[in-house]
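This report describes selected features of strand pairing, packing, charge pairing and backbone geometry. The sequence and structure are shown first.

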Amino acid sequence: MKISSILFGLATAFALCGLPNAAEAQITVVPQPRVVRLHQGQAAVPAAPKVYVDAKAKINAAYTISRLSEAGLKPTIVSKAAAADIAITMGKGSGHKEGYKLTLSAGKSPAVAAVADDRNGALYAIETIAQILKSDNAGHYTANVCTITDWPQFGWRAYMLDESRHFHGMANVKRLLDEMIRLKMNVFHWHLVDSPGWRIEIKGYPKLTEVGSLSDFSHYFLGAEKWKEVHPDRAYYTQKEIKEIVAYAAARGITIIPEIEVPAHCDASTIAYPELQTPVPNAEENKSLPALYNVISPKFKKFIETTLSQVVALFPSKIVHIGGDEANYARWSKNEDINKFMQAHGLKTYPDMQLYAINSIQKFLEKKGVKLIGWNEITGDNVHNEAGRGENSAVSLDPSAIVQFWDGSPDLAKKAIRKGYYLVNSNCHDTYLDYNYGVLPLERAYNFNPYFEDLTPEQNAKILGTGCQMWGEWTPTEERINFQTFPRIGAYAEDGWTNVENKNYADFVRRMAPIEQIWKAKGYFCGQPSYTMGVTAAPK
């Protein structure tokens, strides 16, 4: 399956204009549009505008009304563009995937007209309209007469939520999806499985949720009784709930990428089903060594294929994240069957054993028309400068896999690209939302460039985009997620959407002000000081 056939086509066109001039800077939109052309005059629509959305866009009328209503408008939907104050039609807008062309006119009908290249382009046109129109307090909403031609720099613009460590529930996920569409982000990376907990119902393996969701198995060692005090109902998603959230995201043009970890980060699942664990002869070591799946076991094969089959059926993304990071191979080194298997298959190192297992999973997914993505340890490289890692490898990662770079030298990311792999650049030093604001301030988040200066344009074209990661070790509450996420998510949205030549931090801060007010009204700022001044305190 060619990468171009996946939802996330890579936007590779170059910018048509440089930094916005003083006049263009008065257009207040985040992320910064690709091309803005200002003209004389003011476009105006009534506070209760008539809105037309092309049926080809397949956007629910209630959805359009809800998004424009949040901007203060009181829209009604009409069936003809000629009768509308705001019209969104389908056609050749920007000429690019997820793009649109928006024209605001004075004395013309419709005063606000958008032509979208595809459904996501139509969704994004709605968001730009909602941001750009401002009340004049006299019964109208106005904006400068202008033409905006807009499309994203990258086709992969992600926010990751880790719920393995702390479960937050459907309402919390939906509100995050609402903020993602506001910022034109299109990938929700859902970290549902890790050592601390298993958060997705898998039929045929009920203990994954009956046992694996009832504690934090690797960080705070909360027992099942204490965990139930924190989560009196349950701490996992049913498959019915997953389907509801997937549909909610799809209505907003957001694809959900689920993550199911292999071969490590598996305490919750191996406590629920000990037969999945790689056993070692010494009983004490068997209790104390880090968890690691027995990837050569028929029981593991049945488990992972059953799990992934259900995951693929639930998530239409055609991409599944397999994790693959931070595996401690101590169990494999002490297991006779693993070592015999390695010798029989010419596997020289334990990273080779991991690659063999991941390639097997890739082949299974490929038969279902699904691609595999994993953290950059899946390349087999020595990411963490550990002795014996990544040396004399006898196995290579399947060329169809996608690499998500998070740690190690950037040279490892460039090495993967030069080998031909598509890559998502999520360098932890620049994109990890669990880092405090002193370590990762808003300006550093904003200045992150997923491209590498020393790669050719053709090589950089292998970079699908970027993601920001909200890891959950220290986010037990919704308030803490808010504190860590807002406003930095706005910076990452612009990193993924806006080409570098059009980025300007001071102007970004100005354009963020209206969105900041929306977030404050929703309670997302949790009393933190202005983000331009840095954060000195945090909610517990």
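In this predicted model, strand β15 (residues 371-375) and strand β16 run parallel and are joined by 3 bridges. Within this pairing, Trp375 stands opposite Gln404 in β16. On its pairing with strand β17 (residues 422-425), β16 is joined by 4 bridges, and these two strands also run parallel. Here Gln404 stands opposite Val424 in β17. Between β16 and β17 the chain passes through helix α13 (residues 410-418), and the resulting β-α-β crossover is right-handed. The side chains of strand β16 (residues 402-405) point in two directions: Ile402 and Gln404 one way, Val403 and Phe405 the other, and all are buried.

The largest nonpolar core holds 103 residues, of which Tyr159, Phe188, Trp190, Trp198, Ile200 and Phe315 touch the most other members. A second core, separate from it, comprises 36 residues, including Leu73, Val112, Ala130 and Ile148.

Charge pairing is considered next. Side chains of opposite charge can pair when their charged atoms come close. The structure contains 25 salt bridges, and three of the pairs are listed below.

| Salt bridge | N to O distance |
|---|---|
| Arg165 and Glu473 | 3.3 Å |
| Asp178 and Arg252 | 2.8 Å |
| Arg444 and Asp430 | 3.0 Å |

The salt bridge between Arg165 and Glu473 ties together parts that are 308 residues apart in sequence, because Arg165 lies in the loop between β9 (156-162) and α3 while Glu473 lies in the loop between β18 (463-470) and α17 (478-485). Arg165 and Glu473 are buried.

In the salt bridge between Asp178 and Arg252, Asp178 belongs to helix α3 and Arg252 to the loop between α6 (239-251) and β13, so the pair links parts that are 74 residues apart in sequence. Asp178 and Arg252 are both buried.

The salt bridge between Arg444 and Asp430 connects helix α15 (residues 442-446), which holds Arg444, with helix α14 (residues 428-431), which holds Asp430; the pair therefore ties together parts that are 14 residues apart in sequence. Arg444 is partly exposed, with a relative accessible area of 38%, whereas Asp430 is buried at 14%. In addition, salt bridges with shared partners join Glu70, Glu179, Arg182 and Lys522 into one network.

The cysteines form no such links: the search of the whole structure finds 0 disulfides. For Cys428, which is in no disulfide, the nearest cysteine sulfur belongs to Cys468 and is 14 Å away. Cys428 is buried, with a relative accessible area of 2%, and Cys146 is likewise buried, at 0%.

Finally, several backbone features deserve mention. Most residues other than glycine have a negative phi, and most peptide bonds are trans. The peptide bond from Val30 to Pro31 is cis, with omega near 0°, and Pro31 lies in the segment before β1 (35-46). A cis peptide bond is also found from Val262 to Pro263, with omega near 0°; Pro263 is in the loop between β13 (255-259) and α7 (267-272).

Lys184, although not a glycine, has a positive phi of about 60°. This residue lies in the loop between α3 (170-182) and β10 (187-191) and is buried, with a relative accessible area of 1%. Lys318 has a positive phi near 65° and is placed in the loop between α9 (298-314) and β14 (319-321). At 41% relative accessibility, Lys318 is partly exposed.

Technical notes: Residues are numbered from 1 along each chain as its sequence is written. This is a predicted model: local features need pLDDT of at least 70, side-chain atom pairs count only at pLDDT 80 or more; totals for chains, interfaces and linings use all residues. Side-chain values use heavy atoms; hydrogens and water are left out. A disulfide is a pair of cysteine sulfur atoms within 2.5 Å. Buried means under 20% relative accessible area, exposed over 50%, partly exposed in between (1.4 Å probe, protein chains only). Two strands pair if DSSP finds at least two bridges between them. A crossover is right-handed if, with the strands pointing away from the viewer, the path from the first strand over the helix to the second runs clockwise. A nonpolar core is a set of buried Ala, Val, Leu, Ile, Met, Phe, Trp, Tyr and Cys residues joined through side-chain atoms within 4.5 Å. A salt bridge is a side-chain nitrogen of Lys or Arg within 4 Å of a carboxyl oxygen of Asp or Glu.
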